[in-house]
Amino acid sequence: MQQQQQQPASNGCSEHNGTSSPSGEEVQSKIMDRTNQDIVRLIGQHLKTVGLNRTAELLMQESGCRLDHPSAAKFRQHVMDGDWVKADIDLNELKSLLESTSQCLVEMKFLLLEQKYLEYLEDGRALDALHVLRNELTPLGHNTTRVHQLSSYMMCSGGEELQKRAGWEGKGTKSRSLLMDKLQSFLPPSIMLPPRRLYSLLDQAVTLQKQNCPYHNTKVEGVADYVSLLSDHHCSSDQFPCETTQVLNDHCDEVWFCRFSPDGLKLATGSKDTSVIIWDVDPDTLTCTHRKTLEGHSYGVAYLSWSPDSSHLIACGPEDCPELWIWNIDSEELKVKVSQSPEDSLTSCSWHRDGNKFVTGGIRGQFYQCDLEGNVLDSWEGVRVNSLWCRSDGKTVLAADTHHRVRAYNFDDLTDYNVLQEDHAVMAFSVNSADKLALLNVATQGVHLWDLQDKCLVRKFQGVTQGHFTIHSCFGGANQDFVASGSEDNRVYVWHVKREKPIAVLTGHTRTVNCVAWNPVYHQMLASVSDDFTVRIWGPSEKYRNCSHSPGNLNGNNGEGPSNGSAWHEMVS
């Protein structure tokens, strides 16, 4: 009696006693649980991805597993061969295995016919392409907008124009592989594994380890490069800006404020000594050199704001200062001094994202919107402002006022509303680059993190000493995962945004630290200023300071520096 042919299991594995290896030797298959079967399939798929096909076949034979359901494997082969007639027949056979409704079948047919149509056009087979368009794609009644777009490609003068207009890779393995990736999404993983599934899982694991690493200060790009897979990811604190690399003593009185330019190449510091000093940043050594002293701020300089293109700088004074200065940093000349009334108190400012206008205000009820020449465009009466921030929508301005709250003001439609409310005075605040989180320095309370979208308090950071002095904190790091603040106990505190306790406490100043600034481009560089007349620059320990300082290029692998991660990335890309 003829033995009945064994049907493969839906999970891609089948049980049989033995098979022949490529060398002709009989290989005894193993009996494994579901988890091990999945692991074998993932390894097999990755082996094929890197071109080790014979090794993958031997693995499948010895394990008794299959990478894909036989119908799915046949379908893949016919798609990669460009055999569209057989691929359509295979697709009808797979219909019963689709997870969703018949709509999935229609979408998969559409994708197949789209590739077929584009390949005919590239080959110059205009009549065949027209037949596909009229008699196969159009009758599906699916995605008519795309069908009309496809029909316009008939006018392309050649393959190069077709590829450019269609955003298509051209006939061949690359475009067909991309097509298979799309088609696979309609099939359950038990039938056909998602593309590069092992790499995706490893990437998720590495990304999670990066996110959980308290000192990770490089961009999370979504690929597992620059990180070894052979050990858990861990950045050393030595790679973090915890060490004083410079002490700048050019100011001769209390230093109240500091801020790096958006391009990361300049640092501005403002002091009670009536001057602003512009420093040039050396990206290679993470140090500063004196560039220019801007003098004449008779009330002292308590706040600074760079224009988005780093070409202009606004300097504001303390609470009894009725004027502000706009400096052209490229020409190192005063552009304009703005003063509306001797009764004003212009102590805070913020640039709009276009760099053509800014807002300014103070605690005596002045709140102006001005152009680059200092002309008042709009004003809002009766708003006593401690701190200002222009949001990324180009319309909304956030203002911390004397009622312990932050309100939003829209100068276009003259609307305003509460965003958040504290129980104590908001001395200063800043917003992260994603425009989602606000960092508040609250009198007698410390540093608070708020979610601007949900309008809720996220975290109260511990350790810092905050009385009634104005202390400025900041977001920082490659992904703005860190928060840094000065403190009345003469220290700089650094936290991870997800942790209440500090990950670093920096000592060296001898009086209150008034402001901390994180370099927005060279993320291993931090600056702090103090009533002790000094500016301190912080960087990684010396052995990491000589590494390549392209933006965000300090990495961790158990504190050992470079790893084999780039090889992994190249292998799977």
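In what order do the four strands of the open sheet with β3 and β28 stand, and is the pairing parallel or antiparallel? The order is β3-β30-β29-β28, and the pairing is antiparallel. This is a predicted model, in which local features need pLDDT of at least 70, side-chain atom pairs count only at pLDDT 80 or more, and totals for chains, interfaces and linings use all residues. Residues are numbered from 1 along each chain as its sequence is written, and side-chain values use heavy atoms, with hydrogens and water left out.

Some terms come before the tour. Strands are DSSP runs of E with at least two residues, numbered from the N terminus. Two strands pair if DSSP finds at least two bridges between them.

Start at the edges of that sheet. β3 (243-248) and β28 (513-518) each have a single partner strand, so one side of each lacks a neighbour in the sheet. From one strand to the next, the twist averages 20°. Axes here are lines fitted to C-alpha atoms, and angles run from 0 to 180 degrees between N-to-C directions. Now follow β28 inward. Five bridges join β28 to strand β29 (residues 526-530), and the two run antiparallel. Within this pair, Cys-515 has Val-529 of β29 as its bridge partner.

Another open sheet also has four strands. Its order is β12-β13-β14-β15, with antiparallel pairing. Why is one side of β12 and of β15 left without a neighbour in the sheet? β12 (348-351) and β15 (376-379) stand at the edges with a single partner strand each, so one side of each stays unpaired. Here the twist averages 20° from one strand to the next. The partner of β15 is worth a look. Strand β14 (residues 367-371) pairs with β15 in the antiparallel sense over three bridges. Tyr-368 has its bridge partner in β15, at Ser-379.

Turn next to strand β21 (residues 437-442). Five of its six residues are buried, so β21 is largely enclosed by the rest of the structure. Buried means under 20% relative accessible area, with a 1.4 Å probe and protein chains only.

β21 takes part in two hairpins. With strand β20 (residues 426-431), β21 pairs antiparallel over five bridges. One bridge sets Phe-429 against Leu-440 of β21. Five residues lie between these strands, and Asp-435 takes a positive phi near 65° in this hairpin. With strand β22 (residues 446-451), β21 pairs antiparallel over six bridges. Val-442 has Gly-446 of β22 as its bridge partner. Three residues separate the strands of this hairpin, where Thr-444 takes a positive phi near 65°.

Technical notes: Buried means under 20% relative accessible area, exposed over 50%, partly exposed in between (1.4 Å probe, protein chains only).
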